[in-house]
Structures are given as C-alpha cells and as structure tokens.
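Here are a few exercises to work through with the model open beside you. Try each task before you read its solution.

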Amino acid sequence: SVPIKHSGRLRLRAVNYNRWGGVGGKDTAVDLHILLLVSLPGCTPQRCGRAVTDSVVTREEAQVLRRLAERGLALAGSEGGASILDLHSGALSMGKQFVNIYRYFGDQIGDVFTQEDFQLYRDVRGRIQAVIAETFGLDPTLMYLTKPTFFSRINSTAAKTQHDEYWHPHIDKVTYGSFDYTSLLYLSDYGSDFSGGRFVFMDQNGNRTVEPRAGRVSFFSSGSENLHRVEKVTWGTRYAITVSFTCDPAHAISDPALP
Ligand SMILES: O=C(O)CCC(=O)C(=O)O
Ligand SMILES: [Fe+2]
C-alpha cells in the first residue's frame with residue numbers, strides 16, 4: 001500500500017465543474033468539500049515547473065490523432081466555438097450539452113474509431129507520462145491518468161453556453177480537483193491552421209506564451225504556480241488533447257478503450 005502522510009491541515013475547497021475553468025455563472029455547480037491534504041511520496045509535486053517538447057510525439061502521430069478527433073467531433077459538436085470529446089467517459093459536445101458516444105451511437109462507434117487509434121492514444125499517454133516523471137524526478141508507477149482526458153476543437157464561433165468559454169484564466173488543480181500534472185498535446189499549428197489560440201502562462205512578472213504546433217507537448221505542475229489561459233481563436237480550427245495525471249490512486253482512471 002502507498003504510505004500516506006497527513007499534513008493535519010483541513011481546508012475548504014470549492015470545486016468548479018465548468019470544464020474550462022470559468023468562474024461563476026448560472027449553471028456552474030459549486031460544491032464545498034472537506035479536503036484532507038495528504039502527501040504521497042514519489043509523485044506529489046515537490047517541484048513546480050513547466051516544459052515544452054517537440055520530440056515526444058511526431059507530427060505524423062499528431063496527424064493520426066487529429067483525424068481521430070475530426071471523425072469523433074464530426075458526429076456532433078457544440079453550437080458554440082468549443083467542443084470536447086472524452087474517450088474515457090464518452091462525453092461529446094452536442095448543441096448546448098453533451099451526449100455519451102458509447103450509449104448514443106452504440107456499436108456503430110466501432111466504425112468511427114479503430115483499436116489502433118486507441119493503441120496510439122495509450123502509447124502517447126505512456127510517453128508523456130515518462131517524460132513528466134523524468135523531468136520532475138517522479139516515480140512513473142506512482143502517477144495515474146486522471147479525468148477528464150479529452151480532445152478539444154476550438155473555432156471562432158461565438159460562445160453559446162458557458163461550456164464554450166475556454167479562455168478564462170484558471171488553475172487546473174482548482175478547476176479539475178484531481179490534477180497534479182497537466183499535459184497538452186497539440187494537434188494543429190498556430191499561424192497556419194488557426195490564429196489566436198495561443199496558451200498563456202500568466203506569471204507575476206509577465207506572460208509566457210506557448211504556440212501550439214502539431215506534435216508539441218506542453219506539461220506543467222497543475223497548481224497556482226501555473227495560472228493560465230487560452231487566447232480566443234480568431235480564425236481556423238484548433239485541435240488539442242488534455243492528458244492529466246494524479247498522484248492519488250483513488251482518482252486514477254483506466255486508459256480509454258473501445259467497448
Ligand atoms: O488547450 C489548451 O491549450 C489548454 C486547455 C486548458 O487549459 C485545459 O484544458 O485546462
Ligand atoms: Fe487548463
């Protein structure tokens with residue numbers, strides 16, 4: 001069993017269910033939880049940081065994943081500018097809400113995604129996990145994939161609901177609760193596939209910007225040291241995948257798999 005060290009501090013945490021980290025608004029459910037701060041040796045962030053690499057995922061692999069995202073998101077999509085497809089939960093944006101692709105499309109989903117698609121996702125996930133572990137000095141066997149893990153498609157269509165508001169500054173740990181390390185794999189190129197849509201770390205002493213590029217992986221510790229936002233997309237279509245890890249086995253999820 002994993003040794004758990006209790007810090008003994010109790011803190012109230014507000015959980016915001018808006019996927020993009022927006023605060024407030026009518027349909028934002030806010031719950032208050034009692035959170036016992038624990039430290040799990042071997043994974044819990046001891047070091048804060050961030051890095052960007054173009055050498056973990058090839059542009060060819062990114063292109064295959066982008067086509068997967070295009071096929072999946074072509075089944076439906078948001079009425080506003082931001083759509084997601086979560087292959088783990090099955091959540092797919094549809095109009096102003098979400099459907100579960102595995103329930104809604106049933107066995108026909110096997111005509112849209114192949115076993116090879118899912119194998120590539122698992123492969124890429126494993127490589128990203130390894131590079132995060134190496135960079136932060138973690139034990140990769142004490143890091144677990146966590147939810148939500150999703151493909152995103154963003155264009156310049158005006159937002160129709162709060163789910164379309166991807167541009168709000170946020171802290172992933174606050175927005176998603178279980179995240180300890182966030183990674184973003186970009187599937188299209190800033191400047192040629194779309195404009196706007198750069199990722200911005202909002203530091204005390206100024207902004208640091210990441211330009212999305214197919215195959216580029218950006219990863220960072222998910223806490224308040226990495227407050228960030230995404231610029232509004234002004235033209236074209238931007239594809240990315242959010243793949244995140246937790247140190248808490250209770251929040252672990254299995255890799256997405258075809259039913
Ligand atoms: O797509 C991006 O560049 C960032 C998305 C993001 O901040 C998130 O999913 O929490
Ligand atoms: Fe984020």
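**Exercise 1: a strand pair**

Find out how strand 5 and strand 8 pair, and over how many bridges.

Solution. Start with strand 8, which covers residues 144–154. Strand 5 pairs with strand 8 in the antiparallel sense, over 4 bridges. For one concrete spot, pick Leu85: its bridge partner in strand 8 is Phe151. Keep in mind that you're looking at a predicted model.

**Exercise 2: two faces of one strand**

Work out which residues of strand 5 (residues 82–85) sit on which side, and whether they are buried or exposed.

Solution. First, a general point: side chains in a regular strand alternate between the two faces of the sheet. Now sort the residues: Ala82 and Ile84 go on one side, Ser83 and Leu85 on the other. Then check the burial, where the cut-off is under 20% relative accessible area. Ala82, Ser83, Ile84 and Leu85 are all buried, so both faces of strand 5 are covered.

**Exercise 3: an open sheet**

Put the 3 strands of the open sheet in order and explain why one side of each edge strand has no neighbour.

Solution. The order is 12-11-14, and the pairing is antiparallel. Strand 12 (206–210) and strand 14 stand at the edges with a single partner strand each, so each has one side without a neighbour in the sheet. Ignoring direction, neighbouring strands here are turned by 25° against each other on average. Next, zoom in on strand 11 (residues 199–203): 5 bridges join strand 11 to strand 12, and the two run antiparallel. One of the residues to look for is Asp203, whose bridge partner in strand 12 is Gly206.

**Exercise 4: the iron ion**

Identify the protein donors of the iron ion (ligand 2) and describe how they are spaced in sequence.

Solution. Go to ligand 2 and look for the donor atoms: they are His170 (NE2), Asp172 (OD) and His228 (NE2), 2.1 to 2.2 Å from the iron ion. Along the sequence, the spacing reads H-x1-D-x55-H. Asp172 and His228 link distant parts of the chain, 56 residues apart, with Asp172 in helix 4 (residues 172–176) and His228 in strand 14 (residues 228–230). Both Asp172 and His228 are buried.

**Exercise 5: the whole protein**

Take stock: how many helices and strands are there, and what share of the residues is buried?

Solution. Count the elements and you get 4 helices and 16 strands. Of the 259 residues, 50% are buried. Finish with the surface: the protein exposes about 12300 Å², with 51% of that supplied by carbon and sulfur atoms.

Definitions and conventions. Residues numbered from 1 in each chain as written. Chains lettered and ligands numbered in written order. Predicted model: local features only at pLDDT ≥ 70, side-chain atom pairs only at ≥ 80, totals over all residues. Heavy atoms only, no water. Donors = N, O, S within 2.8 Å, 3.2 Å for Na, K, Ca; no water. Buried < 20%, exposed > 50% of the residue type's maximum accessible area, 1.4 Å probe, protein only. Pairing = 2+ DSSP bridges. Axes fitted to C-alpha atoms, helices over the stretch in contact; angles between N-to-C directions. Areas by Shrake-Rupley, 256 points an atom, 1.4 Å probe, with all protein chains shown as cover.
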